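Hi,

Here is the structure I said I would pass on. Have a look at it first, and then read on for what turned up.

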Amino acid sequence: MGYQTDGVRWSIIVLSLLGGAMGWSEEIVPATRAFHIGPLDSVSKAGNQIRILEIEYSCKRGDVTLNEEKLRQGMRSKKDGVYSQQVVDGDIESLYQTGDYTNVQIVTSQVTVDGEQGVRLTVMVDPRVRVSEVEVKRIRPDGGLDDNLSVKREELMRVHPKPWDTRDAHESAGGAGAVVRNPTVTKAGEILREERLFRDAVAMEECYQEKGYKDVRVTPKTLDVKGEEAKVVFEVEEGKPGFIEEVRFLGNKNVGSDELRKVVTLKPANSLSSKEESNCFKVKKLEIDLDRLKDLYENKGFLDVQVTASLDRFGEPDNKGEEKESRIDGWAGNSREDLSLVYRIVEGQRYGVEKISVSGNTFFSENDILKELRSGAKGVEVFDGVQLKMIRADGLTRGRAYSVNGLQASLEILQNMYGREGFREARVEWRVEPGEKKGDLDIHFKIAESEKFKVERIEILGNTVTEDSVIRREIQLTPGEVFNTLKEKSSKENILKMGLFSSVETYAEETDRSHYQNLIIKVVEKPEELTFGFAVSYFWNGNPERSLVLGSRFPFILTLNFSQNWGIVFERMCEWIKRK
C-alpha cells in the first residue's frame with residue numbers, strides 16, 4: 001500500500017526570504033543538514049531563536065485518516081516551541097522507528113501569525129495500514145460469497161507461503177525490518193502489504209491444488225479502510241476436483257506406452273486403491289511425472305527429449321486430436337471432473353557412446369581401467385536423482401546408448417576400483433564431448449588419485465551396552481592393512497545386520513603418521529525396551545529360516561536365528577545381566 005523509501009530520510013528545509021514577503025524556494029537536503037538561504041533575522045526572536053507557530057499533518061492517501069495525536073506523541077517538536085533542525089531530524093528518525101510509517105518528510109516554511117514571524121512544520125507521512133480482520137470466502141456460482149469452503153479455513157490460514165524477499169516480515173511482532181524465517185498467511189493486527197497478500201493467495205491455491213482442485217483461483221481484496229485499518233477477504237473460486245480417467249502418450253516411437261505408463265504416478269484408479277488416492281489430479285504429481293518420463297528417455301540416450309502434458313475432458317469426441325491445445329492453465333469454467341491426461345513427446349536424437357578415455361591415472365594403466373569399466377558395468381547401485389532412491393544401472397559401454405545413470409554407474413566403478421587399493425580420497429571428474437559423427441559422444445574421465453592409505457587403528461563410538469569385541473567381529477578391516485573402502489562399506493552393512501543399532505556411520509580420521517588413517521565407526525544403539533511374551537515363528541524368504549523369539553524382562557527382544565550366529569545375542573544378554 002503506497003510507496004516506501006525505507007532507510008532514506010530527507011528533511012525539506014525552506015527558509016528563503018524574498019523582500020520580507022511570503023516568497024519561498026525549496027530544496028531537498030539530507031535530514032542531518034540544515035540548508036539556509038538568506039538571513040534568518042527576520043524570523044528571529046531574542047536570543048536568535050525561531051518559534052514553531054504551526055504544525056500540520058498530511059498524507060498522500062485520501063482514504064486514510066491520520067491519527068494526529070499518535071504523531072504528536074512521536075515528535076519532540078511542539079507548537080509554540082523553539083525550532084531546531086537537530087530536533088526535526090530526530091523526529092524523522094523517531095517516526096520511522098515506530099514501524100507505523102513510510103516516506104516520512106518534514107517541510108519547514110515561514111509563516112506570520114498575529115504579526116509574529118516563525119515557522120510552520122508540515123509533517124508528511126504514509127501510514128502503514130494494519131489488518132483488522134481476515135476472512136476466506138467461497139465464490140458461489142451465482143457470484144455471491146459464503147463460508148462453504150471445500151478446504152477448511154483453518155487449514156488455509158496455516159499454510160506457509162514462500163517468501164519473495166527479505167522484506168516479508170511480521171512488523172507487528174518484530175518491527176518493519178524483521179525477517180520471518182517461516183512466514184505465515186497475513187493475520188489480524190499485522191501490517192498490510194499488497195505483495196504479501198498475493199503471495200498468501202498463491203499458497204492457498206497450492207493447498208487446494210494438492211487436493212485436486214486444478215482450476216482454483218484465490219483473489220485477495222482489501223475492504224473497508226477506516227483510519228489506519230483495513231479488512232482483508234480472500235475470495236476463492238474453487239472449481240471442481242479433477243480425476244484422471246485416462247492416460248495417453250503421443251509421439252513415443254522408441255519407447256512403448258506400457259513402459260511409460262509404469263513410471264507415472266497419475267493414472268486411473270484400480271481395484272486396490274480409492275479414486276481419491278490414486279487418480280486425483282495434482283499439479284506437483286504431474287511435475288514429478290514429467291521429470292520421470294524425461295529421466296527414462298535420457299537413460300535410453302534421448303538427451304534432447306521434450307515432454308509436455310495437457311488435460312482434456314474425458315470422453316470428448318475431439319480429445320484424440322494431436323493438435324488440440326487444451327493446456328492445464330488455460331481452462332475456463334468449473335464443470336469438468338473426469339480427465340484425460342495426454343503426454344506429448346518429442347524424442348529427438350538418440351546418442352550413443354563412441355569412445356571412452358581416461359587421464360590422470362598413474363597407479364592403474366588405461367587398459368586396466370577400461371577393462372574394469374567393461375567387466376563391472378552390469379547392475380551397479382546408484383542414486384537416481386528423479387526417483388530419489390537407490391537403483392541398479394549398467395555402466396557406460398562403447399557402442400551402446402548414453403545414459404545419465406550409466407555415467408553415475410561408471411563413476412562408481414572407478415571409485416570402487418581405486419577404493420579397493422586404499423585410495424580413499426581419489427576423485428573422478430568427467431567430460432562429455434560430441435563425437436565425429438552425429439549422435440556419437442566421447443566420454444573422458446579425469447582421475448585425481450591422491451594418497452594411498454592404510455589403517456592405523458579402529459575406534460568404535462556410541463556403544464554403551466554392546467561390547468567393542470561384539471562389534472569388531474563384524475569389521476573386515478584390521479590395523480596395518482590397506483584402507484579398502486569396499487571392506488569399510490561391508491563392515492558397516494554387517495554391523496547394521498546385527499539388529500542392535502538404529503544407525504551406523506563410518507569415516508576416516510587423519511593421523512600424525514604419513515599415509516595412515518583411523519577408521520571411526522559411530523553407532524547409535526536401539527532404545528532399551530521391556531518386552532513380555534513367548535512366540536515361535538517361521539519365515540520363508542527364498543530359503544527356509546526358523547527363528548525363535550523369546551521375551552522376558554530384558555531390555556531387548558531376544559531373537560535366536562538358526563541361520564546366523566547365536567553368540568551375539570547370548571553375549572549381549574550376558575552383558576546386561578552382568579551390569580545388573
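Start with serine 359, which sits opposite lysine 446 of β17. This is a predicted model, by the way, so please read everything below in that light. The strands behind that pair are β13 and β17 (residues 440–448), which run parallel to each other and are joined by seven bridges.

Those two belong to an open sheet of three strands, ordered β13-β17-β16, and the pairing in it is mixed. β13 (352–359) and β16 (427–434) are the edge strands: each has a single partner, so one side of each has no neighbour in the sheet. On average, neighbouring strands here are turned by 20° against each other, if you ignore direction. Helix α9 (residues 366–375) lies across β13 and β17, and its direction makes an angle of about 140° with β13.

Zooming out a bit, the protein has 13 helices and 23 strands. Of its 580 residues, 42% are buried. If you take contacts between residues at least 6 apart in sequence, 61% of them link residues at least 24 apart. The exposed surface comes to about 31,500 Å², with carbon and sulfur atoms supplying 49% of it.

Another helix to look up is α2 (residues 85–97). Its 13 residues span 19 Å from first C-alpha to last, close to the expected 18 Å. Several of its residues are buried, among them Val87, Val88, Ile92 and Leu95, but also Asp89 and Asp91. After α2 comes glycine 99, with a positive phi near 75°.

Now for the charged pairs. The whole structure holds 29 salt bridges, and here are a few of them:

- Glutamate 190 and arginine 196 meet through their side chains at 3.1 Å, N to O. Glutamate 190 has a relative accessible area of 7%, so it counts as buried, the cut-off being under 20%. Arginine 196 is buried too, at 3%.
- Arginine 261 bridges to aspartate 258, with the closest N and O atoms 3.3 Å apart. Both are in helix α6 (residues 257–263), three residues apart, or about one turn. Arginine 261 is partly exposed at 28%, while aspartate 258 is exposed at 60%.
- Arginine 457 and glutamate 459 come together at 2.5 Å, N to O. Arginine 457 is partly exposed at 40%, and glutamate 459 is partly exposed at 22%.

Elsewhere, Arg51, Asp80 and Glu116 are joined into one network by salt bridges that share partners.

Cheers

Key: Residues are numbered from 1 along each chain as its sequence is written. This is a predicted model: local features need pLDDT of at least 70, side-chain atom pairs count only at pLDDT 80 or more; totals for chains, interfaces and linings use all residues. Side-chain values use heavy atoms; hydrogens and water are left out. Two strands pair if DSSP finds at least two bridges between them. Helices (H or I, at least four residues) and strands (E, at least two) are DSSP runs, numbered from the N terminus. Axes are lines fitted to C-alpha atoms, for helices over the stretch in contact, and angles run from 0 to 180 degrees between N-to-C directions. Contact means heavy atoms within 4.5 Å. The expected span of a helix is 1.5 Å times one less than its number of residues. Buried means under 20% relative accessible area, exposed over 50%, partly exposed in between (1.4 Å probe, protein chains only). Accessible areas come from the Shrake-Rupley method with a 1.4 Å probe; for residues, only the protein chains shown count as cover. A salt bridge is a side-chain nitrogen of Lys or Arg within 4 Å of a carboxyl oxygen of Asp or Glu.
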